[in-house]
Amino acid sequence: MDVLPIIVAAIPVTLGVTAASFAIGAVLGLALVAGRRSRWTVVRGLSRSVVEVLRGIPPIVLLFIIFFGIGSGALRMEPFQAAVIGLGLVSAAHLSEVYRGSLLAVPKGQFEAADALGLSRSTTSARVIAPQAFRVAMPGMVTWAISLLKDSALVSTIGVAEIMSVTNQHARSSGDGLMPFILAAAVYIAIGTPLAIWSRWLEKRFARIRKAA
Amino acid sequence: MNQAESILSLRDVEKTFAGHCAVDGVSLDVARGEVVAVIGPSGSGKSTMLRCINLLEVPDRGTITVDGTDLDTSGTVSARDLTQLRRRVGMVFQSFNLFPHMTVLRNISLPQERVLGRSRDEADRRSMELLERVGLQQKADAYPAKCSGGQQQRVAIARALALDPEIMLFDEPTSALDPELGLEVLAVMRQLADTGMTMIVVTHEIHFAATVADRLIVMADGRILEQGPPQQVLDDPQHARTRTFLSAIKDR
Ligand SMILES: Nc1ncnc2c1ncn2[C@@H]1O[C@H](COP(=O)(O)OP(=O)(O)OP(=O)(O)O)[C@@H](O)[C@H]1O
Ligand SMILES: [Mg+2]
């Protein structure tokens, strides 16, 4: 059981990788979805290709490309940086799809009413459409955060000292192959469950709002 | 009617969707303060014509003149012209389209702040004035979902009026409402007509058209089939198609 404090001590690293990648993804995802709704065909095509490429590569391959490929060449990168960039890009692609779906859920009449009132494009996006789309996107965003929390274990492969990495090290040196991993699993569940409950609550609340509207 | 007194003119406006001509060369002059009712069978292009006026649909051809300012729609319309046009033309939709995440008051005040640059206080004061006019000041802090359809439509009318438009367009404003709720909306519109607002109203409410409108337009196949004083068109339609259409809606 002496592995538990080691695992607990690594929780901030796991949370850090998850939160930082999520933040990068949330912002870049906005840019991608804006690109996909651009009035220029080239921008639309480009954004779409970026999303498809990012979604087509297994995250671990992308991590290796960034850390061992780019990171060992011109751009020196710490494992943590590479991890956050890699998972951030994957998140951007995924979250842009979540955003896109949520925008499709905003009725056409909302865009038309804003147009007819003479609201500018930016006011329409920021004050009319985004708040409505965000409510729809929330459950999907939280679900992605849960996946990301679990997928962050991948970054142990490039040497980030998060939960999976320290657990694996301890297991090797102590020779106990089962208990450390079971404890690690329990810790992931303990962090992820509140998120999952929150996501379900949001989804229910959203369904209620939709019924009321 | 001479050009000088007309506040809105359409000249040969045409709009085609995927090869189908929804509005087929419509010309129309509307005088300041005139109330025009538009009727016609489903698919005859009533909505499309209305939406061409504030460029929710950009016509393929034709000129739109609002209060002396010409817009040739066959070229590209600049953002500035578009803003100018939409400031002067308000629109009310069949489905209300209130912003569900804002209170009634915010729905009416936000566009004033953003489009006219009014301060929040100024905007709220104007909003309350209009809410009173449509009989809903008690709903100011409610969300749209907590209002009946008729109340939502009256708020939508107040929202459009808050921008001080010169012309108001209504696309079947009561079609989504139970008859008694429709009546409260029609009462507000009647009042608005009495204040001298220029209005174009697409509607199936023949009684409203007969009693409030100055002119009744019958559309078919993207064209104006006939028009005239409502009583005259209703009592003595010139076209067989008008007669068929009128008897169909009177039977409902
Ligand atoms: N966005 C669009 N894309 C394709 N076709 C359209 C579009 N809008 C309208 N149309 C077509 O244009 C024609 C005219 O439609 P419009 O909605 O103007 O008729 P309407 O007189 O308002 O009918 P209704 O009484 O049913 O509202 C119809 O044939 C319709 O299918
Ligand atoms: Mg219509």
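Biologist: Which residues surround ligand 1?

Modeller: First, the general idea: a residue is near a molecule if one of its heavy atoms lies within 4 Å of it. In this predicted model, ligand 1 is surrounded by residues of chain B: F17(B), H20(B), A22(B), P41(B), S42(B), G43(B), S44(B), G45(B), K46(B), S47(B), T48(B) and E172(B).

Biologist: How should I read those names and values?

Modeller: Residues are numbered from 1 along each chain as its sequence is written, chains are lettered from A and ligands numbered from 1 in the order in which they are written, and side-chain values use heavy atoms, with hydrogens and water left out. Local features need pLDDT of at least 70 and side-chain atom pairs count only at pLDDT 80 or more, while totals for chains, interfaces and linings use all residues.

Biologist: Which atom of S47(B) is 2.7 Å from an oxygen atom of ligand 1?

Modeller: Think of polar contacts. Each is a pair of N or O atoms within 3.5 Å; within protein, one must be able to donate a hydrogen and the other to accept it, and residues adjacent in sequence count only if both atoms are side-chain atoms. For S47(B), the partner is an N or O atom in the side chain. G43(B) uses a polar backbone atom, 2.8 Å from a ligand oxygen. G45(B) also offers a polar backbone atom, at 3.0 Å from an oxygen of ligand 1.

Biologist: How many residues does the contact take from chain A and chain B?

Modeller: Contact means heavy atoms within 4.5 Å. Here 18 residues come from chain A and 22 residues from chain B. Buried area is the accessible area (1.4 Å probe) that two parts lose on being put together, summed over both. Chains A and B bury about 1700 Å² between them, with 62% of it on carbon and sulfur atoms. A116(A), L117(A) and R127(A) supply 36% of the area that chain A buries against chain B, more than any other three residues.

Biologist: Which side chains meet in a salt bridge?

Modeller: Look for a side-chain nitrogen of Lys or Arg within 4 Å of a carboxyl oxygen of Asp or Glu. The count between chain A and chain B is one. R51(B) and E112(A) form it, at 2.8 Å, N to O. The interface also has five residue pairs in polar contact, both residues at pLDDT 80 or more.

Biologist: Which helix of chain A gives the most to the side that touches chain B?

Modeller: Helices here are DSSP runs (H or I, at least four residues), numbered from the N terminus. Helix 5 (108-116) and helix 6 (121-151) each give two or more residues to that side of chain A. Helix 5 gives the most, with seven residues.
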